[in-house]
Amino acid sequence: IKKIGVLTSGGDSPGMNAAIRSVVRTCAFHNIECAGIYRGYQGMIEGDFKEMGPRSVNNIVNKGGTILKSARSKEFMTVEGRQKAHQNLVNAGIEALVVIGGDGSFTGAEIFNNEFGYPVMGIPGTIDNDIFGTSHTLGFDTALNTVVDCIDKIRDTASSHNRLFLVEVMGRDAGHIALNAGIGAGAEEILIPEQDLGLERLLESLRKSKAAGKSSSIVVIAEGDKIGKSVFELKDYIEENLPEYDIRVSVLGHMQRGGAPSCYDRVLASRLGVKAVESLLEGKSNYMVGILNDKVTLTPLENAIKGHSEIDQELLRVSDIMST
Ligand code: F6P
């Protein structure tokens, strides 16, 4: 391999830039060229490439977002789109690809590999941490720190005014952010997509905490929870059933996806970038690099896509005990 392409795709996450930097510099270290591909697969279709040397990634290890930009490409879902993309890569002399993104991005990479026998390697980048084959995705740790920081601030108002706050966090299909940040920020209850707590249990828990003398409470809710109500409808429902509570809602939104990556995410990104490039140079393809028990590992892309990143039952139990 003489030239590797790198792209970011899907939702951005803190640490993506550190991963781009790692890929670019590992290529330089091994005396091969590196091309940045803009706007994910869409840029591949449009031939939007830029040669990247080690100095082109100065001062980005600390930056959120992605300097290569990201997009969701409908055209890449068509055979014609992928053929165009493949031809552009061949024309530019790019012989292998590092894809930084989530499961949608990996699905694209796997199809591309199957169709053209093209070497691909995935790096998991999403704040949701919903990828099988890695204990941490890039951006998860940073997002947790952001959420905990926000809830700490919300707690000041909650306790000053004896209020109940419903805090909605990201996680369309996964409760990892809600569960971990909820424990870290001392939430009373945590609602996640993987487990239907049921409204009755929530009310019961809030009743108990009032009876136990708690004057304020925080409930953390993943946006994809299974309660079947929006966070605002949930507020109305609790107010109707427990009028003693003064309730406010706070939806944290996209602030969770931005910001400087934590040290953990920067180190992780650097390690995964090295492993991705070196694995391609060893002739490996169609894997995702990840981290398990603090060891960098390879998981077949297919398993990473289809596998389930399970919620840790121990964490659920800890959360229960902590709200005593
Ligand atoms: O990156 C994943 C995620 O943060 C989900 O938790 C959330 O539902 C989604 O992105 C929002 O994406 P968009 O920016 O497209 O609204």
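**Strand pairing and helix packing in the predicted model**

In strand 4, G101 stands opposite P124 of strand 5. The model in which this pairing occurs is a predicted one. Strand 4 (residues 96-101) and strand 5 (residues 120-124) run parallel and are joined by five bridges.

Both strands belong to an open sheet of seven strands, arranged in the order 3-2-1-4-5-10-11 with mixed pairing. The edges of this sheet are formed by strand 3 (49-51) and strand 11 (295-300); each has a single partner strand, so one side of each is left without a neighbour in the sheet. On average, and with direction ignored, neighbouring strands of the sheet are turned by 30 degrees against each other. In general, the strands of a sheet pair through backbone hydrogen bonds, in either a parallel or an antiparallel manner.

According to UniProt, in an unreviewed entry, the feature "domain: Phosphofructokinase" is placed at residues 3-279. Within the model, 43% of this span is helix and 16% is strand. The C-alpha atoms at the two ends of residues 3-279 lie 14 Å apart.

Two helix pairs were examined for their packing. Helix 5 (residues 140-160) packs against helix 6 (residues 176-184) at an angle of about 50 degrees, and the axes of the two helices are 9 Å apart. This angle makes helix 5 oblique to helix 6, and the crossing of the pair is right-handed. On the side of helix 5, the contact is made by F140, A143, L144, V147 and V148, whereas helix 6 contributes H176, I177, N180, A181 and G184. By class, the residues of the contact of helix 5 with helix 6 comprise seven nonpolar, three polar and no charged.

The second pair consists of helix 7 (residues 199-211) and helix 8 (residues 231-241), which pack at an angle of about 55 degrees with their axes 11 Å apart. Helix 7 and helix 8 are therefore oblique to each other. The crossing in which helix 7 passes helix 8 is right-handed. From helix 7, residues L199, E200, L202, L203 and L206 meet L234, Y237, I238 and N241 of helix 8. The contact of helix 7 with helix 8 has seven nonpolar residues, one polar residue and one charged residue. Among the residues that helix 7 brings to this contact, E200 is the charged one, since Glu is counted as charged. N241, in helix 8, is the polar one, because Asn falls outside both the nonpolar and the charged groups.

Technical notes. Residues numbered from 1 in each chain as written. Predicted model: local features only at pLDDT ≥ 70, side-chain atom pairs only at ≥ 80, totals over all residues. Heavy atoms only, no water. Axes fitted to C-alpha atoms, helices over the stretch in contact; angles between N-to-C directions. Helix = DSSP H or I, 4+ residues; strand = E, 2+ residues; numbered from the N terminus. Parallel < 35°, antiparallel > 145°, perpendicular 65-115°, else oblique. Left-handed = near helix turned anticlockwise from the far one by under 90°. Contact = heavy atoms within 4.5 Å. Pairing = 2+ DSSP bridges. UniProt positions renumbered as here; feature names shortened; annotations may be inferred.
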